[in-house]
Amino acid sequence: REREKEREREKAGGGRRRDKMGAKDVCGTGVVTGEKLFALLKYAQEKGFAIPSVNCTSSSTVNAALECAAKNKSPIMIQFSNGGGAFYAGKGIANTDQAGAIAGSIAGAYHVRAMAKYYDVPVVLHSDHCAKKLLPWLDGMLEEDEKYFKAHGEPLFSSHMIDLSEEPLNENIEICVKYLERMSKINCLLEMELGITGGEEDGVNNEGVDQEKLYSQPEEVDQVYSALSKVSKHFTVAAAFGNVHGVYKPGNVRLRPDYLGKHQAHIKKVHGLSDDKPVLLVFHGGSGSQLDEIRDAISHGVVKMNIDTDTQWGYWSGLLAFYKEKEGYLQAQIGNPDGEDKPNKKFYDPRVWIRKAEEGFIARLTQAYEDLLCANVN
């Protein structure tokens, strides 16, 4: 609550005073990896904000996310899903053996790196849900990370997410340990998930799942923490607390952010730690969540919230509004309300209507920055 009051004071005064330390002082700008990434996440946890992590599918959505971060003077996480990576590569490329998803995700990552330096904000470059059947996709990205590390001393991506929540917990942990051992050699952070996020997103359908699986237990989270912390501190945990992908009516989903506080307290006690929030937690299925639930989750140590469905709608709504406003100019190349011989190129030029879509995307992401208490934290 004090964090929210501080935000209101800062907004009234035109933003955070520059004599205070901010995220840029902690980790610098551009794509952040390794110790700088860990420092950024702990800083977010300490200061009580979470960073929006946006699924991107094109250079347009990447650029819009970066622009929004710069306007809000805050960090941004840009992530590629398997389907998003394949789309980025182009529908003309076959995705045999994950070739399209690998190529598109890597191309997107290089685009982010090329552009990030011009926006003067910290950028976390991430890959989203990787189920067991999609591990060859992760392997392909890690191979590129390892090549990039040899040349530049850091991985191409900041982090990767493995989602084995549908597998037995012991198998989930065993595979995550194996990958964290590989990733720790190149200072790449691992995000793992336990418990199941309901709903459907990007071809992963958990609708109708047993409701008990939507809530992780403290002992389960401790199993994960105990195993991964022996390898590296560079990991985050997406522990389910009733989350559902997609958009839904208020009241249709029962989120229990208090479970996250129980996880933190349990691990602190079991391991005799001084840190009240020893686990870096992630909030999946954030689109459509109520503000009080989001803020409660942040208070329990959530440092990252995924947002996809809402920014997809923001992108579309920007285009829809443009079409409705200019409908008479978008029916033919020649001829509009101003005259039957008047050209319409300046209306159907993709640079015009794609920009309108980006503006809708930026507006919705700006709302997420406010919800996550993440505006003006640089």
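# A guided tour starting from Gln98

Begin by selecting Gln98, which is buried, its relative accessible area being 13%, and keep in mind throughout that what you have open is a predicted model. Gln98 lies in the loop that runs between helix 5 and helix 6, and its phi is near 65°, a positive value in a residue other than glycine.

**The two helices on either side of that loop**

Select next helix 5, residues 82–89, together with helix 6, residues 99–116, and turn the view until you can follow both axes, which come within 6 Å and cross at roughly 80°. Helix 5 is therefore roughly perpendicular to helix 6. To see where they touch, show Asn82, Gly85, Ala86, Tyr88 and Ala89 on helix 5, and opposite them Gly100, Ala101, Gly104, Ser105, Ala107, Gly108 and His111 on helix 6. If you colour the residues of this contact by character, you will find five nonpolar and seven polar, with no charged residue.

**Along helix 6**

Staying with helix 6, compare its length with expectation: at 1.5 Å a residue its 18 residues should span 26 Å, and its end C-alpha atoms are indeed 26 Å apart. Many of its residues can be picked out as buried, among them Ile102, Ile106, Ala109, Val112, Arg113 and Ala116. Which elements do the buried residues of helix 6 pack against? Besides helix 5, they pack against strand 1 (30–31), helix 4, strand 3, strand 4 and helix 7 (135–152).

**Across to helix 4**

Helix 4, residues 59–71, is the next selection; its 13 residues reach 18 Å from the first C-alpha to the last, which is close to the 18 Å expected at 1.5 Å a residue. Its buried residues are Ser60, Thr61, Val62, Ala64, Ala65, Leu66, Glu67, Cys68 and Ala69, and the buried residues of this helix pack against strand 3 (76–80), helix 6, strand 4 (122–127), helix 12 (309–325) and helix 14 (350–371).

Just beyond helix 4, select Lys73, which is placed in the loop between helix 4 and strand 3. The phi of Lys73 is near 50°, again a positive value in a residue other than glycine.

**A residue in strand 2**

Now move to Ser53, which has its place in strand 2, residues 51–55. Is Ser53 buried or exposed? With a relative accessibility of 0%, Ser53 counts as buried. If you leave aside its neighbours within four places in sequence, the residues in contact with Ser53 are Met77, Gln79, Lys304, Met305, Asn306 and Ile307.

**The nonpolar core**

For the next stop, display the largest nonpolar core, which has 98 residues, and highlight Ile76, Ile78, Phe80, Val123, Leu228, Val237 and Leu365, the members that touch the most others. Helix 8, residues 169–184, gives the most to this core, with seven residues.

**Stepping back**

Finally, zoom out until the whole chain is in view, where 14 helices and 13 strands can be followed. Of the 378 residues in the protein, buried ones make up 55%. Among contacts between residues at least 6 apart in sequence, 72% join residues at least 24 apart.

Conventions: Residues numbered from 1 in each chain as written. Predicted model: local features only at pLDDT ≥ 70, side-chain atom pairs only at ≥ 80, totals over all residues. Heavy atoms only, no water. Axes fitted to C-alpha atoms, helices over the stretch in contact; angles between N-to-C directions. Helix = DSSP H or I, 4+ residues; strand = E, 2+ residues; numbered from the N terminus. Parallel < 35°, antiparallel > 145°, perpendicular 65-115°, else oblique. Contact = heavy atoms within 4.5 Å. Nonpolar A, V, L, I, M, F, W, Y, C, P; charged D, E, K, R; others polar. Expected span 1.5 Å × (residues − 1). Buried < 20%, exposed > 50% of the residue type's maximum accessible area, 1.4 Å probe, protein only. Core = buried A, V, L, I, M, F, W, Y, C linked by side-chain atoms within 4.5 Å.
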